[in-house]
Amino acid sequence: MSAVEAPGGPDLLESWGTPHAGQAVRALYREPCGPVRACGAVGLRGVALEEFGPVSEPVPYRGRRGIITYWPVATREQTVVCGSLRQWRLAVELDFDPAWVAFSAGPVELRWQAGGRPCRWRPDFLARTADGVREVLALKPAGQESLPAAKLQVLEEVALAAGWRVRQVHEPSGLRGRNLGLLAGYRFPVDNSQEQERALEEAFTEPAGLRAGVAASGLDELTGLDLAYRMLWQRKLLFDIAQPLLPDAVAWTA
């Protein structure tokens with residue numbers, strides 16, 4: 001992969017040495033409709049990686065675990081490329097939770113040397129929170145509570161230099177994962193539904209089962225349930241995500 005050196009950074013072929021405070025780690029990223037750029041960790045400060053695509057798109061191959069998915073984000077004109085089902089599940093969570101306003105999967109590749117051997121890694125997501133903080137999110141290995149120590153050290157050093165916050169996470173699983181997966185199919189709003197939304201908001205002023213609330217709103221069941229699920233995704237209606245999201249699940253107005 002060829003790269004254009006970002007302003008102020010050393011040449012990509014320069015010896016990396018032992019990482020310290022992110023100084024010896026090289027970072028590659030691709031601006032929208034631009035070339036791949038390379039810089040030191042400090043050069044990542046202020047770069048809106050959460051709005052960029054991946055350095056290069058994941059390539060399917062025999063034996064790869066998971067599938068590649070293209071996730072159209074509900075709240076912005078952006079498609080996130082997920083290289084595994086674990087990334088896809090986390091993308092659903094990030095899209096659902098208003099704590100994050102922008103995110104991208106694998107938009108930066110970190111390169112360094114350890115023990116004389118070259119290493120490279122793409123953290124799973126870069127995201128920007130609603131209060132403007134950039135976070136690097138790394139999926140914990142299955143069945144473990146932390147990344148390998150060496151990889152975590154590199155990530156924390158780069159994050160310190162770049163002004164990011166590090167967050168290790170598990171992808172949504174179990175009932176929460178299934179509920180979010182169901183709601184994800186309703187994440188885009190429908191046109192001309194304002195009056196119907198107001199009817200549902202009034203019907204769910206007090207907690208009620210979804211079908212009961214739809215009946216009370218005067219909407220027909222299919223139209224009302226479809227809209228209710230969309231409002232659950234948009235958090236105009238609330239529910240207990242730890243309970244099965246069945247047609248009789250209890251919801252209430254936000």
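This is a short chat about a four-stranded sheet and some helices in a predicted model.

Me: Hi! What is the strand order in the open sheet, and what kind of pairing does it have?
Reply: Happy to help. The order is S6-S9-S10-S11, and the pairing is mixed.

Me: Which strands stand at the edges?
Reply: Those are S6 (100-105) and S11 (165-169). Each has a single partner strand, so one side of each has no neighbour in the sheet.

Me: And how many degrees are neighbouring strands turned against each other on average?
Reply: On average 25 degrees, with direction ignored.

Me: Back to S6 for a second. How many bridges join S6 to S9, and do the two run parallel or antiparallel?
Reply: Five bridges, and S6 and S9 (residues 125-129) run antiparallel. Within S9, Arg 128 stands opposite Ala 102.

Me: Nice. Which strands does helix H1 touch?
Reply: H1 (residues 85-96) packs on the sheet and touches S6, S9, S10 (134-139) and S11. Its direction makes about 165 degrees with that of S6.

Me: What about H2, which strands does that lie across?
Reply: H2 (residues 149-162) lies across S10 and S11, and runs at about 145 degrees to S11.

Me: New topic: how do H3 and H6 cross?
Reply: The axes of H3 (residues 174-184) and H6 (residues 221-233) come within 9 Å and cross at roughly 120 degrees. The crossing is left-handed.

Me: Which residues meet there?
Reply: From H3, Leu 180, Leu 182, Leu 183 and Ala 184; from H6, Tyr 229, Leu 232 and Trp 233. By class, the H3 contact with H6 has seven nonpolar residues, no polar and no charged ones.

How values were computed
Residues numbered from 1 in each chain as written. Predicted model: local features only at pLDDT ≥ 70, side-chain atom pairs only at ≥ 80, totals over all residues. Heavy atoms only, no water. Axes fitted to C-alpha atoms, helices over the stretch in contact; angles between N-to-C directions. Left-handed = near helix turned anticlockwise from the far one by under 90°. Contact = heavy atoms within 4.5 Å. Nonpolar A, V, L, I, M, F, W, Y, C, P; charged D, E, K, R; others polar. Pairing = 2+ DSSP bridges.
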